[in-house]
Amino acid sequence: DGGGAARRRAARAPEGDGAVGGLDAPLLPVASLPPPPPPAQTGVSRLLSSVSNSSRRTLAAGCACLFVRLPLSLAVPHLVAECLVAVAAGDYGAAHGTVAALLAVGTADTA
């Protein structure tokens, strides 16, 4: 091969020894890197950080009310379907109980 392979091996930079220009050398000196920017606030976190303490309590109370009302709101269509099934089957006692449960859940949901 006329010594071509030896010249190619000699021209390669040493790998893994930390020499300047080697694979382990950093691309930029560490001292010249700027500090990372603070994480950008999204719309919701920016909104929540701008709310005062009294408004935070109101917001927390509203979330708690919605947390309580959600299962009640989801129960209404279920109870209506159960009532229709009971009436279709001719079980008027079960339909009467389901209507009573529907009235209780609907009243608690609106309160």
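Leaving aside neighbours within four places in sequence, which residues is Asp109 in contact with? The points below take up this question along with the rest of the chain; the model is a predicted one.

1. Overall make-up. The chain contains 4 helices and 0 strands. Read along the sequence, the pattern is α-α-α-α. Of its 111 residues, 9% count as buried. The exposed area of the chain is about 8,900 Å², and carbon and sulfur atoms supply 69% of that area.

2. Contacts along the sequence. Take the contacts between residues at least 6 apart in sequence: 29% of them join residues at least 24 apart. The pairs described under points 5 and 6 involve helix α4, which covers residues 92-110.

3. Length of α4. The helix has 19 residues, and at 1.5 Å a residue it should span 27 Å. The C-alpha atoms at its ends are 27 Å apart, so the model agrees with the expected span.

4. The two sides of α4. The buried residues of this helix are Ala95, Thr98, Val105 and Asp109. They cover an arc of only 90° around the axis, and therefore lie on the same side of α4. As background, an α-helix has 3.6 residues a turn, so residues three or four places apart point the same way. Turned away from the buried side of α4 is a face that carries the exposed residues Tyr92, Gly93, His96, Leu103 and Thr107.

5. Thr98. This residue sits in helix α4. Its relative accessibility is 10%, and because buried means under 20%, Thr98 counts as buried. Not counting residues up to four places away in sequence, Thr98 touches Leu79, Glu82 and Cys83. One of these, Cys83, is itself buried, with a relative accessible area of 15%.

6. Asp109. This residue is also found in helix α4. The opening question can be answered here: with neighbours within four places in sequence left aside, Asp109 is in contact with Arg69, Leu72 and Ser73. Asp109 has a relative accessible area of 11%, so it is buried.

7. The salt bridge. How many salt bridges does a search of the whole structure find? The search gives 1. Arg69 forms a salt bridge with Asp109, and the closest N and O atoms are 3.0 Å apart. Arg69 lies in helix α3 (residues 53-89) and Asp109 in helix α4, so the pair ties together parts that are 40 residues apart in sequence. The two partners can also be set side by side for exposure: Arg69 is partly exposed, at a relative accessible area of 37%, whereas Asp109 is buried, at 11%.

8. Cysteines. The count of disulfides comes to 0. Cys63 is in no disulfide, and the nearest cysteine sulfur, that of Cys65, is 9.4 Å away. A disulfide needs the two sulfur atoms within 2.5 Å, so the sulfur of Cys65 falls outside the cut-off for Cys63. Cys63 is partly exposed, with a relative accessible area of 46%, whereas Cys83 is buried.

9. Points to keep together. On the buried side of α4, Thr98 and Asp109 are listed with Ala95 and Val105. Thr98 touches residues that include Leu79 and Glu82, while the contacts of Asp109 include Leu72 and Ser73. Asp109 is also the acidic partner in the salt bridge with Arg69.

Methods:
Residues are numbered from 1 along each chain as its sequence is written. This is a predicted model: local features need pLDDT of at least 70, side-chain atom pairs count only at pLDDT 80 or more; totals for chains, interfaces and linings use all residues. Side-chain values use heavy atoms; hydrogens and water are left out. Helices (H or I, at least four residues) and strands (E, at least two) are DSSP runs, numbered from the N terminus. Buried means under 20% relative accessible area, exposed over 50%, partly exposed in between (1.4 Å probe, protein chains only). Contact means heavy atoms within 4.5 Å. A salt bridge is a side-chain nitrogen of Lys or Arg within 4 Å of a carboxyl oxygen of Asp or Glu. Accessible areas come from the Shrake-Rupley method with a 1.4 Å probe; for residues, only the protein chains shown count as cover. The expected span of a helix is 1.5 Å times one less than its number of residues. The arc is that of the directions from the helix axis to the C-beta atoms.
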